[in-house]
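Here are some exercises to work through with the model open beside you. Try each task before you read its solution.

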Amino acid sequence: MSQSTEKIWKTLQQVPTGKVVTYGQLADLAGLPGRARLAARALRVAPKEMALPWYRVIGAGGKISIPKDNPGFARQMELLRSEEVVVNNGRLKLSEYQWQPDLADLMWRLEF
DNA sequence: CCTGTGACTCGGG
DNA sequence: CCCCGAGCCACAG
């Protein structure tokens, strides 16, 4: 895999239960500013065995970005709800659930 | 090499 | 709130 893709994966592992990040935010935290599309792609190609919390990644407006006709849409909603995240019509309140990394988390990032 | 296509985002209208 | 276009970029065809 490309190194950029791996950075996305590692960063995503840091997102705690019950919290979410947007594609753009994930890319930024991974040290890849402006690469939201890469983040989306990294999720799609991630091997299942990695068990990444892919469902904790949503669109910038607080909306689930998976097309509604894709079975993953409903799955993402139920997974989020299983973590106490309130989701309505594929929407959730970013002000309440968006992950705000603390200093320790940012330090961790220096490891790659 | 060129083109189309996104699990993206932001700014306009 | 929706739709569009423009950036953006890896990747398949």
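**Exercise 1. Decide whether Tyr55 is buried or exposed, then describe its ring partner.**

Step 1. Tyr55 has 12% relative accessibility, so it counts as buried; buried means under 20% relative accessible area, exposed means over 50%, and partly exposed lies in between, with a 1.4 Å probe and protein chains only.

Step 2. Look for aromatic pairs: the structure holds one. It joins Trp54 and Tyr55, with 5.8 Å centre to centre and 85 degrees between the planes, an edge-to-face arrangement. For this test, rings of Phe, Tyr and Trp (its six-membered ring) pair if their centres lie within 6.5 Å, and planes under 30 degrees apart are stacked, over 60 edge-to-face and the rest tilted.

Step 3. Check the partner: Trp54, at 27% relative accessibility, is partly exposed.

A word on the ground rules. This is a predicted model, in which local features need pLDDT of at least 70 and side-chain atom pairs count only at pLDDT 80 or more, while totals for chains, interfaces and linings use all residues. Residues are numbered from 1 along each chain as its sequence is written, chains are lettered from A and ligands numbered from 1 in the order in which they are written, and side-chain values use heavy atoms, leaving out hydrogens and water.

**Exercise 2. Find which residues Gln76 touches.**

Step 1. Locate Gln76 in helix α4, residues 71–81. Helices (H or I, at least four residues) and strands (E, at least two) are DSSP runs, numbered from the N terminus.

Step 2. Gln76 is buried, with a relative accessible area of 1%.

Step 3. Leaving aside residues up to four places away in sequence, Gln76 touches Trp54, Tyr55, Arg56, Val57, Ile58, Ile64 and Ile66. Contact here means heavy atoms within 4.5 Å.

**Exercise 3. Work out how helices α1 and α3 pack.**

Step 1. Helix α1 (residues 3–12) and helix α3 (residues 36–45) meet at an angle of about 80 degrees, and their axes are 9 Å apart. Axes are lines fitted to C-alpha atoms, for helices over the stretch in contact, and angles run from 0 to 180 degrees between N-to-C directions.

Step 2. That makes α1 roughly perpendicular to α3, since angles under 35 degrees count as roughly parallel, over 145 as roughly antiparallel, 65 to 115 as roughly perpendicular and the rest as oblique.

Step 3. From α1, Ser4, Thr5, Ile8, Trp9 and Leu12 make the contact, and from α3, Leu38, Ala39, Arg41, Ala42, Leu43 and Val45.

Step 4. Zoom in on Thr5, which is buried with a relative accessible area of 1%. Beyond residues up to four places away in sequence, Thr5 touches Leu38, Arg41, Ala42 and Val45.

**Exercise 4. Identify the buried side of each helix.**

Step 1. In α3, the buried residues are Leu38, Ala39, Ala42 and Leu43. They cover an arc of only 140 degrees around the axis, so they sit on the same side of α3; the arc is that of the directions from the helix axis to the C-beta atoms.

Step 2. Arg37 and Arg44 are exposed on the other side of α3.

Step 3. In α1, Thr5, Ile8, Trp9, Thr11 and Leu12 are buried. Their arc of only 165 degrees around the axis puts them on the same side of α1.

Step 4. The cover over the buried residues of α1 includes α2, α3, β2 and α6 (103–108).
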